[in-house]
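Please read the points below with the model open beside them, taking each one in turn and finding the named residues for yourself.

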Amino acid sequence: MKRIAIIGAGLSGLVLSYKLAPHAQITVFEKSRGSGGRLSTRRVEDFQFNHGAPDLTPRTAHFKSFLEGLERKGIIQDWKPKLAPMLDETSEATSALSWPEKHLRGTPGMSAIGRHLAGTQNVKFKIEVAPLQYQDDSWKLYSTEDKELGQFDIVISTAPAPQTINLFPPDFLHTDKLHTVQYSSQFVLMVCYDGMLETGWQVKQTNNSPMIWVNCDLNQDSLSPKSCVVAHASPEWSAEHFDIERQTVKKELNRTLERLLPSDLPAVHYLGLHRWRYSQCTRNIDENCFFDQESGLGCCGDFFKNTGAEGAFESAEALAQQVESFIKS
Ligand SMILES: Cc1cc2nc3c(=O)[nH]c(=O)nc-3n(C[C@H](O)[C@H](O)[C@H](O)COP(=O)(O)OP(=O)(O)OC[C@H]3O[C@@H](n4cnc5c(N)ncnc54)[C@H](O)[C@@H]3O)c2cc1C
C-alpha cells in the first residue's frame, strides 16, 4: 500500500484522508492541538467562541449532501439567528431579519465538525511538519522539532498556499501558481459578559466600521447567565493593524464593539483576541487542486476554484479522485 502523508487536519485534510483511507496507508499531521483548522472553537471555562468560520452555507449539491450527512448525525444544525439590518455603526436596528440561505453550525461548536471527521482517521496532533526532504526514493518527513515522522510515497499539503510553498521544494511543478494566491487577514475579538445582553439581534453586520460582523450568543450552559460575543474586524482594518501590539488592538476593537452594543453592558468576564494571518482566500487558482504524479506531491484547500469551506471540501474531493486513480493505475 502507498504511504501518504497529509499535512493539516482542517476540512480539506480530513475529507481527503477519509476518501483515501480505503486505498492507502494515511497519516495526517496537524500542528495544532485539535482538528478542524479554521472551523474552530475556543473554549474558556464553561463558555465558548466560534472564532473561525461562524457557519457553513452549502450551495453545491455535493456539499449539501455531505452536510446533510453531518446534520443527520447531529454534528451540525440549522442556524437561524435574528439578524440586525445592515447598518452604520451608529444606526439602530428596527426589525430583525433572517437569511434567505440555509446556514449550518457545528454543535456545540464549529470544532465538532473536525472532531467528528478526525474520529476514525490516523491524525497526529501537535506536529508541525518541516520543509520536505527527498531521501532514498521517498519523502522523509521531519517535524520542526527535528523528530523523524516517517517515509512517504505521496505528500499532500492542505496548509494555506504561502505555507505550502515553504513546505514544498522550490522546484514543485506548480510553485508559480501558488505564489499568485492571496488571503485576507483578520482579527477576531471574543468577549464574555457576566449577564444577558439585550440586543434584540444575534448577528449584526456593519458598514463604515473597523468591525464588520458581530454575533451575540447567550451561554445557557454556564452556572450563571453569560453572553458570548464574537466580533470580526474588517480585513482592511486587520491588515493595517496586523503587526501592532495585541493589547492595543484588543482595546481598540473592544471600544468599537461597545459602540455596537447597548450602552448598559454587563461586566466583562473574559476578553480574548485571535489573529488569523490567512483568514479567507481573496485571490484563488482556477483549478481544482494540484497533483504531480512524478514527484508524488499535491495540494488542495480553499485556494482553488471555489473559496471558503465549500471550496476546501470540493478541492479535497477532486484531489482524492486524482490520487486514487494514480494509486490504482
Ligand atoms: C474568521 C473566519 C471567518 C470565516 N468565514 C467563513 C464563512 O463565512 N464561510 C466560509 O465558507 N468560509 C469561511 N472561512 C474560511 C473557512 O474557514 C476556510 O476556507 C476553510 O475552513 C479552509 O479549510 P482548509 O482545510 O482548506 O484549511 P485550514 O482549515 O486552514 O486547515 C489547514 C490545517 O493545516 C495545518 N497546518 C498548516 N501548516 C502545517 C504544518 N507545517 N504542519 C502541520 N499542520 C499544518 C493548520 O494548523 C490547519 O489546521 C472563514 C475563516 C475565518 C478564519
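1. Glutamine 205 has tryptophan 213 of strand 15 as its bridge partner, and valine 203 stands opposite asparagine 215, again in strand 15. Both pairs can be looked up in this model, which is a predicted one. Strand 14, residues 203–207, and strand 15, residues 211–219, are joined by three bridges and pair in the antiparallel sense.

2. The turn of this hairpin deserves a careful look, since three residues lie between strand 14 and strand 15, and asparagine 208 takes a positive phi near 50° there. As background for a reader new to backbone angles, most residues other than glycine have a negative phi.

3. On which strand does one find the bridge partner of valine 214? The partner is alanine 231, which belongs to strand 16. Strand 15 and strand 16, the latter covering residues 226–233, pair over eight bridges in the antiparallel sense.

4. A further antiparallel arrangement is the open sheet of three strands with the order 9-10-11. Strand 9 (133–135) and strand 11 (148–152) are its edge strands, each of them pairing on one side only. From one strand to the next, the twist averages 30°.

5. Within that sheet, strand 9 and strand 10, residues 138–142, run antiparallel and are joined by three bridges. Tyrosine 134 stands opposite tryptophan 139 of strand 10. In the loop between strand 9 and strand 10 lies aspartate 136, and this residue has a positive phi of about 50° although it is not a glycine.

6. Another backbone feature to check is the peptide bond from threonine 107 to proline 108, which is cis, with omega near 10°. Proline 108 sits in the loop between strand 7 (104–106) and helix 3 (111–118). For orientation, most peptide bonds are trans.

7. Six strands form an open sheet with mixed pairing, and their order is 8-2-1-12-19-18. Strand 8 (123–124) and strand 18 (290–292) stand at the edges with a single partner strand each, so one side of each has no neighbour in the sheet. Strand 2, residues 25–29, and strand 8 pair in the parallel sense over two bridges, and here phenylalanine 29 stands opposite lysine 124 of strand 8.

8. Turning to the helices, helix 2 (residues 61–72) packs against helix 8 at an angle of about 100°, and their axes are 10 Å apart. With such an angle, helix 2 is roughly perpendicular to helix 8, because angles of 65 to 115 degrees count as roughly perpendicular. The contact is made by His62, Phe63 and Phe66 on the side of helix 2, and by Glu310, Phe313, Glu314 and Glu317 on the side of helix 8. Sorted by class, the residues of this contact are three nonpolar, one polar and three charged.

9. Helix 8 also matters for reading the surroundings of the ligand, as 36 residues surround the ligand, the closest being Gly8, Gly10, Gly37, Arg38 and Gly308. The elements that contribute two or more residues to this shell are helix 1 (11–20), helix 4 (161–167), strand 13 (182–194), strand 17 (268–283) and helix 8 (308–328). Which element gives the largest share of the shell around the ligand? That element is helix 8, with four residues.

10. What is the make-up of the shell around the ligand by nonpolar, polar and charged residues? It divides into 15 nonpolar, 15 polar and six charged residues.

11. Finally, as to the whole protein, its secondary structure comes to eight helices and 19 strands. Taken along the principal axes, the C-alpha atoms fill a box of roughly 65 × 45 × 35 Å. The radius of gyration is 21 Å, which agrees with a compact globule, because a globule with 329 residues would have a value near 20 Å.

Terms used:
Residues numbered from 1 in each chain as written. Predicted model: local features only at pLDDT ≥ 70, side-chain atom pairs only at ≥ 80, totals over all residues. Near = placed C-beta within 6 Å. Nonpolar A, V, L, I, M, F, W, Y, C, P; charged D, E, K, R; others polar. Axes fitted to C-alpha atoms, helices over the stretch in contact; angles between N-to-C directions. Parallel < 35°, antiparallel > 145°, perpendicular 65-115°, else oblique. Contact = placed C-beta atoms within 7 Å. Pairing = 2+ DSSP bridges. Rg over C-alpha atoms; globule rule 2.2 N^0.38 Å.
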